[in-house]
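Reader: I've got a fold in front of me and some questions about how its pieces sit together. Can we walk through it?

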Amino acid sequence: GGAFWYDLAASPLAGGALTRQRIDAHPWPRGDDPRQFAHLRAEAEAHRRAGYAVVLKSLCAGLFEMAQRLRGMEAFLMDLVESPVEAGHLLDRVLEAKRDYWRAALAALGDLVDVTAEGDDYGTQQSMLVAPATFRSVFKPRLAALVRAMKQGAPDAFVFFHSCGSVRKILPDFIEIGIDVLNPVQTTAAGME
């Protein structure tokens with residue numbers, strides 16, 4: 001009450017070992033639930049008629065951020081080292097919901113969309129949250145799969161990607177997988193000037 005946004009009260013997969021069984025038992029949302037975007041076509045058409053670009057945002061926060069929300073930041077960072085197979089499975093379940101969303105949403109709206117928007121915070125003010133090698137081995141292949149799904153559904157749309165902080169070391173990776181727009185270019189973060 002009285003807050004400007006919702007804050008995370010608890011991580012549903014916190015505590016204990018991360019296992020495939022715990023991950024699969026989580027009540028995952030359906031990314032392709034048509035109720036999420038059934039009303040958007042009329043809005044998109046109205047914006048287009050008014051001369052505005054149509055931007056379609058993602059189902060939820062990014063792969064890395066959602067894994068941290070589900071598990072807790074400290075626990076998920078440890079999972080990447082101690083339980084990489086299970087951490088990958090958790091990321092894959094988030095990716096599955098996100099790809100289902102993009103496929104269904106763009107099947108309904110892709111002809112009207114100018115920009116598709118995703119995001120994930122990989123940087124801090126001084127450095128990255130994970131080593132570039134970890135980004136490349138764990139997150140980049142999954143992010144590339146997500147961008148492919150977005151481009152398949154709206155091939156003429158720009159892919160807009162948000163990442164806070166010092167991400168200069170992975171800018172070539174973002175470009176390689178098809179990201180067109182980086183938001184924000186946080187010029188006060190290390191190496192981002």
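Reader: Over how many bridges do strand E2 and strand E3 pair?
Author: Bear in mind that this is a predicted model. E2 covers residues 115-119 and E3 covers residues 158-162. One of the pairs puts glycine 119 opposite histidine 162. The two strands run in the parallel sense, and the count of bridges is 5.

Reader: Which are the edge strands of the sheet?
Author: The sheet is open, with 4 strands in the order E1-E2-E3-E4 and parallel pairing. An edge strand pairs on one side only. That picks out E1 (55-57) and E4 (181-183).

Reader: What angle does the direction of H5 make with that of E1?
Author: H5 packs on the sheet, where E1 and E2 are the strands it touches. Its direction against that of E1 comes out at about 155°.

Reader: Are H3 and H5 roughly parallel or oblique to each other?
Author: H3 (residues 63-71) and H5 (residues 84-109) pack with their axes 9 Å apart, at an angle of about 120°. Roughly perpendicular stops at 115 degrees and roughly antiparallel starts over 145. The pair is therefore oblique.

Reader: How many charged residues are in the contact of H3 with H5?
Author: On the H3 side, the contact includes Leu63, Phe64 and Arg71, while H5 brings in Leu90 and Lys98, among others. By class, there are 9 nonpolar residues and no polar ones, and the charged residues number 2.

Reader: How many residues of H3 are buried?
Author: Among the buried ones are Met66, Ala67 and Gln68. The buried residues pack against H1, H4, H5 and H6. H3 is mostly covered, and of its 9 residues the buried ones number 7.

Methods:
Residues numbered from 1 in each chain as written. Predicted model: local features only at pLDDT ≥ 70, side-chain atom pairs only at ≥ 80, totals over all residues. Heavy atoms only, no water. Axes fitted to C-alpha atoms, helices over the stretch in contact; angles between N-to-C directions. Parallel < 35°, antiparallel > 145°, perpendicular 65-115°, else oblique. Contact = heavy atoms within 4.5 Å. Nonpolar A, V, L, I, M, F, W, Y, C, P; charged D, E, K, R; others polar. Buried < 20%, exposed > 50% of the residue type's maximum accessible area, 1.4 Å probe, protein only. Pairing = 2+ DSSP bridges.
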